[in-house]
Amino acid sequence: MSEMTLHPAPRWRDVLVEQVRIVGLSLRPVLLVVIVVLAAFTFLIARDLLSGGEGFDSSGMFPTPLISFLFPFAIWLHEKPFGSSFLWIFPVERRRLALAKVFAGFVWLALALALFTAWLLALGALAGVGPAGTIMRIPYIGTIATYLFGSALLLGLRHPLKWVFGTAGLLLLVGGVSQALEHSYGMNTLLGSSRLFFATERLHSAWGSLPGPGQWILGTFLSLGAGLAALLAAASRHRERRRR
Amino acid sequence: MLTLRDVSHVYPNGTRALDHVTLSIPRGMYGLLGPNGAGKSTLMRAIATLQTPTEGTIRFGPSTGSGEVIDVIREPEKLRRTLGYLPQDFGVYPRVSAYEMLDHMAVLKGVASPADRKVTVETLLQQVNLWSVRKKTLSGFSGGMRQRFGIAQALIGNPELIIVDEPTAGLDPEERNRFLNLLAEIGENVVVILSTHIVADVSDLCPRVAVLADGRVQREGAPQELIHAARGRIWMKVIERGELARYREQHELLSTRLFAGRTVVHVLSDRDPGDGFTPIDAGLEDVYFSTLAESRRAA
C-alpha cells in the first residue's frame, strides 16, 4: 500500500435526498396499512352518507399529533441511534446524518398530512361540509411539533420507550389517585386554591376555542421552537467527540 | 499498515475492556482471536471509529514513509472514507431489497455518480453471488446471504481497511466455506482484520494472528511461529469419560473433546506429565487454549 485512495465524502445534498428515499422505501409496509385503513373509513363513511346519515362528523379533532409523535419510532425501527450502528460508519458527520434522517421523516410526514387533508376535503365535500370546517380539525402545527419531540426523544434517550411508558404510567397513576381521592377529599380541595380552579377553567376554555391570530402565532412559535430546540439538543448527543 | 499504540478503553462502569494494546497490522489478512469478553469487539469498534478509546493512538497509512497517515482518533471521518466494516450484528431495513440497500450505502460512502453506483452495486452483487436475489428483500435472506451482503457493503468504494467481526458465527459449514473463500479473495491487497473466537477461521486464512484475552494482547505472530514455540509442550491422551474429573484435578487440561465415545484430552506441560500421555504436534488451537490458560493463571 504505497498510496492510499481517500474517496470524497458524500455531498450533503445527496445525503439528504438518499435519506428521504430510503426512509420512504422502509415505510412501504406502513403505507399499505394506512391505505387499507383509509379505504375502510371511506367505505364506511360513504355507506353512511348513502343511507342518509351525516357520514362526516364535523366536531372534534383528529389525533394526528399522537400519530406523528410515534412516527419517528417507525423511521428509526431498524437503526440504533446509540451504540454500534451502520449509520455511524459512513463518512458523514454524525449529528448531521441524524438530522438528515429526521428531515427525511418530516418530508414523508408532510406528504402524508397533505394527502390526508385532500382525502378529508373530498369526504367533506361529499358530506356537504365546507373546507374551513374540515381543515380546522387537523392540528398541523401540533402534528409537526410532536414529530419533533418524538424525534428528539429517540435521538436523545437511550431507552425512549421506557420514558414514554414510564411517563404514561405516572400520569395514569396520578389520574387514578386523583379520582380515588375525589370522593373523600378531592384534588381541587387538596390543592386548596380557588385561583387554581379558575385558572384551569380559563385554560380549558382557551384550549377548546379557536385562537386569535396573535395567540396562534405565539403558540406556533413556542411549540415549534421548543420542538426544534429539543431536537438539536438530542442530536448533539451524537456529535463526534474527539480526544485531542 | 494499521498501527495501534497503547490503546486502552475503560467503560463508564469501570470495566477495562482494552489494556495497552499495541499492534502493527500489515496489508493482508490478520486474525484476532479471543474468547467472548476478551475485548475483540471493543477493539474492532475503536478501529472502526464507532467509539473513541480512552487512551492510546491508532494510525492508518502506508507502511513506507511516503503518503498520508490518518490519525484515526483525531480524524475518524477520514478513515471512514476508506473503511469497510462488517459488524457482528448489523441491522438493515428488512423491507428493502439488496440492490436498493447497497445503492443507498454507496451514496453515503461518497459514490455520487449514478452510473458509478450502478457499476459498483452490480459488480459487488455478482462478486458475492447475490445477483440472482438482488431484488429480494433483506428480511428473506438466510444467515449466509446476510453475511455475504454484509461483505458486499463493506467493499463499497474499494476500502483499504476492512474489519470483519465474528463473521462465521451461525453459518452452516457450506456457507462458512463460501464466505471464507470470499474473504481470502479480497484480503490480498488491503488490510483485513478478522476478529473471531473460531480458531479454524484464522488458521485457514491469516498469515498473522494475535490472541487477545482480558483486554491484552497475550501472543502475536505468524501461526507457524506460534505453533513452533509450543512444540514439545502439548501432550495427548484418550481417557474414559468418567475419568475426566480426576484428570482435571491432576493436570492443567487445555481442551477436551469426544471421539468415538471416549474423551481426548490435551495438556500443556514442559516435561512429560507421565500417566500415559503422548507428545503430539501442536496446532493453532492448542496455542490458543494454552495462551488463555496462561493468561488466567497470571490474572
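Reader: How much of chain B counts as buried?

Author: Burial here is a count of neighbours around each residue: 20 or more other C-beta atoms within 10 Å make a residue buried. In this predicted model, 44% of the 299 residues of chain B pass that mark.

Reader: Which secondary structure elements does chain B hold, and how many?

Author: Chain B has ten helices and 14 strands. Its radius of gyration is 21 Å, close to the 19 Å from the globule rule for 299 residues, so chain B is as compact as a globular protein of that length. The box around its C-alpha atoms, along the principal axes, is roughly 70 × 40 × 40 Å.

Reader: Where is chain B divided into domains?

Author: Domain 1 covers 2-227, and domain 2 covers 232-280. Their centres, over C-alpha atoms, lie 37 Å apart.

Reader: What share of the contacts in chain B links residues 24 or more positions apart?

Author: Take the contacts with a separation of 6 or more. Residues 24 or more positions apart make up 68% of them in chain B.

Reader: Now the interface. How many residues does each chain bring to the contact?

Author: The size of an interface is often given as accessible area lost when the parts come together. Here we count residues instead: 35 from chain A and 41 from chain B.

Reader: Which helices of chain A supply at least two residues each to the side that touches chain B?

Author: Helix H1 (12-26) and helix H2 (28-50) of chain A do. H1(A) gives the most, with six residues.

Reader: How do the residues on that side of chain A divide by character?

Author: There are 16 nonpolar, seven polar and twelve charged residues on the side of chain A that touches chain B.

Technical notes: Residues numbered from 1 in each chain as written. Chains lettered and ligands numbered in written order. Predicted model: local features only at pLDDT ≥ 70, side-chain atom pairs only at ≥ 80, totals over all residues. Helix = DSSP H or I, 4+ residues; strand = E, 2+ residues; numbered from the N terminus. Rg over C-alpha atoms; globule rule 2.2 N^0.38 Å. Buried ≥ 20, exposed ≤ 12 C-beta atoms within 10 Å, placed from the backbone. Contact = placed C-beta atoms within 7 Å. Nonpolar A, V, L, I, M, F, W, Y, C, P; charged D, E, K, R; others polar. Domains from an automatic or database assignment.
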